[in-house]
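Colleague: I would like to learn how to read a few features from a set of coordinates. Could we go through them one at a time?

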Amino acid sequence: MNYLIRNAVGVVSPASLNATDIRIRAGKIADIGCQLDIRPDETVIDGRGCVVWPGLVSTHHHLAQSLLKGVPAGINEPLGEWLKAVPWRFWPHFTPTMMYHAARLGLYEMLLSGVTTCADHHYLYHRDTSPELEEAVWQAAEEIGIRFALCRGFAIEAGSHKGMQGLHVEPESIELVIDRLEATRKRHHDPASDAMARLVVAPTSLVHSSGPEALRILSDYARGNGLRRHSHLLEVGFDEQQAQAKYGMPAIDYAASNGWLGNDIWFAHLVHSDRHTINQLAASGTGIGHCPTSNCRLGSGIAPLRAMADAGVPISLGVDGSASSESASMLQELNMCWLIHRAIGGPQATRAEEVLGWGSAGGASILGLENVGTLEVGKAADMVLFDIDTPRHSAVHTPLMAPLMCGEPTTVKHSFVNGRQVVADGNVVGVDDERLIHEVKESIALLLKHQ
Ligand SMILES: [Zn+2]
């Protein structure tokens, strides 16, 4: 399909100031300007009352947790206790059908908060995991039409995975992880700069999921196959304590010593980063997936983002799993990021335009999707039209930044991924809301039988 978006309030584009129209042809942005002519084979999208943003890129999520919002036992707990009370307690009981419904809900929420590319840290693997569990995630992403990276988690250290203790599941061996990674890579991974599907090698926790030997093996495997890498690091101070206790060095040096720093790697959180850590990240080009809502929700702290940005650390934003980020809104992450660093660092700490860049081009760059993330002619047509023709947005003097500054609730009126319309008139294309609610509740009822 070819589209012409006309008469928008404005377009966030580095190439065209004051543009109101965008032409989409064969999945790419073909033109950006004003009063573009309508061609006979184009569907016209009325952009009046909307601002057009590049589609947002969330670089850290756990779609499985979309079924685990506000679980009572975890509401007031810090990270370690919350992990035991919520995700670890439920994850071995996920069936492929539950996973499919969770992914559909999570991706639905992504689209309706402005996301067009989602990187999901999927870690529901043990020795006897059905391959259909992972396939359910791929299927949901493909059906809903979002650009997608599956960050394949794993925990292989026998006996050390607290989430597995008492749950009668065995961890994977490193050989099994590699075999399964290789099967997924062949089936789904596309190395193109505008790939719709990517595989990422992603130990669930860099410090806790395996020993150094496995990290080195996985590092070699990833680099040998052109796969990016991702993990959790320094979300809380425990990572630093464990790295010191087990390996006698700071966590960031442990990462470096096993080949886990580089411009093909990003870590979620990095809340507890000191100057040495920031210097190491910057020198190696290792990025951050900053998840401010989850960090607030779990009381983990606030990552030193201004210092990271000033040092040259690549920055992206992510929603994190909905069990610790119940809003599941990327727009909220942008709003929160803009505000929270100003609260602790003063009014120079963040600028709205900069935060939008982190949430779009910054994420695309970290994922290696060079042809995604900005609205420019020739790039992939990933864009979102926020409706600002509402009373609460009507008084904003800077309309292009209105969604970011006003935050939720907001309305994504239309959204396009790779030139395909995935949100039309505020509805996710191909998803029936009533049915989605029914399926989610049904899956939750089945999960709760395992309490
Ligand atoms: Zn996470």
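The dialogue below takes up a metal site, a sheet, aromatic pairs and one glutamine.

Modeller: Keep in mind that this is a predicted model.

Colleague: Which residues are the protein donors of the zinc ion?

Modeller: For a metal, begin with the atoms that hold it. Here the zinc ion has NE2 of His 60, NE2 of His 62, NE2 of His 232 and OD of Asp 320 as protein donors, at 2.1 to 2.5 Å. Along the sequence these donor residues follow the spacing H-x1-H-x169-H-x87-D. His 60 and His 62 are both buried.

Colleague: What is the geometry of the site of the zinc ion?

Modeller: Geometry is read from the angles among the donor atoms. The four donor atoms give angles of 88 to 173 degrees, and the site is irregular. A tetrahedral site would need all angles between 85 and 135 degrees. Water is not among the atoms, so the site may look incomplete.

Colleague: Next, the sheet. What is the order of the strands in the open sheet of six?

Modeller: Read a sheet from one side to the other. The order is S2-S6-S15-S16-S17-S18, and the pairing is mixed. Strand S2 (10-11) and strand S18 (427-428) each have a single partner strand, so each has one side without a neighbour in the sheet.

Colleague: How do strand S6 and strand S15 pair?

Modeller: Residues 50-54 of S6 and residues 383-387 of S15 run antiparallel, with five bridges between them. Pro 54 is placed opposite Met 383 of S15.

Colleague: How many aromatic pairs does a search of the whole structure find?

Modeller: The search finds four. For each pair, read the distance between centres and the angle between planes. One of them is Trp 53 with Phe 386, edge-to-face at 4.8 Å centre to centre and 70 degrees between the planes. Trp 53 belongs to strand S6 and Phe 386 to strand S15, so this pair ties together parts 333 residues apart in sequence. Both Trp 53 and Phe 386 are buried. Trp 138 and Phe 148 also form an edge-to-face pair, with 5.6 Å between centres and 85 degrees between planes.

Colleague: Is Gln 65 buried or exposed?

Modeller: Compare the relative accessible area with the cut-off. Gln 65 has 4%, and buried means under 20%, so Gln 65 counts as buried. Gln 65 sits in the loop between strand S7 (56-58) and helix H1 (79-85).

Colleague: What does the side chain of Gln 65 make a polar contact with?

Modeller: Its partner is the side chain of Tyr 123, at 3.2 Å. Beyond four places in sequence, the residues in contact with Gln 65 include Trp 82, Pro 87 and Gly 321.

Methods:
Residues numbered from 1 in each chain as written. Predicted model: local features only at pLDDT ≥ 70, side-chain atom pairs only at ≥ 80, totals over all residues. Heavy atoms only, no water. Helix = DSSP H or I, 4+ residues; strand = E, 2+ residues; numbered from the N terminus. Buried < 20%, exposed > 50% of the residue type's maximum accessible area, 1.4 Å probe, protein only. Polar contact = N/O pair within 3.5 Å; in protein donor to acceptor, adjacent residues only side chain to side chain. Contact = heavy atoms within 4.5 Å. Pairing = 2+ DSSP bridges. Donors = N, O, S within 2.8 Å, 3.2 Å for Na, K, Ca; no water. Tetrahedral: all angles 85-135°; square planar, octahedral: opposite > 155°, others 65-115°. Phe/Tyr/Trp six-rings, centres within 6.5 Å; stacked < 30°, edge-to-face > 60°.
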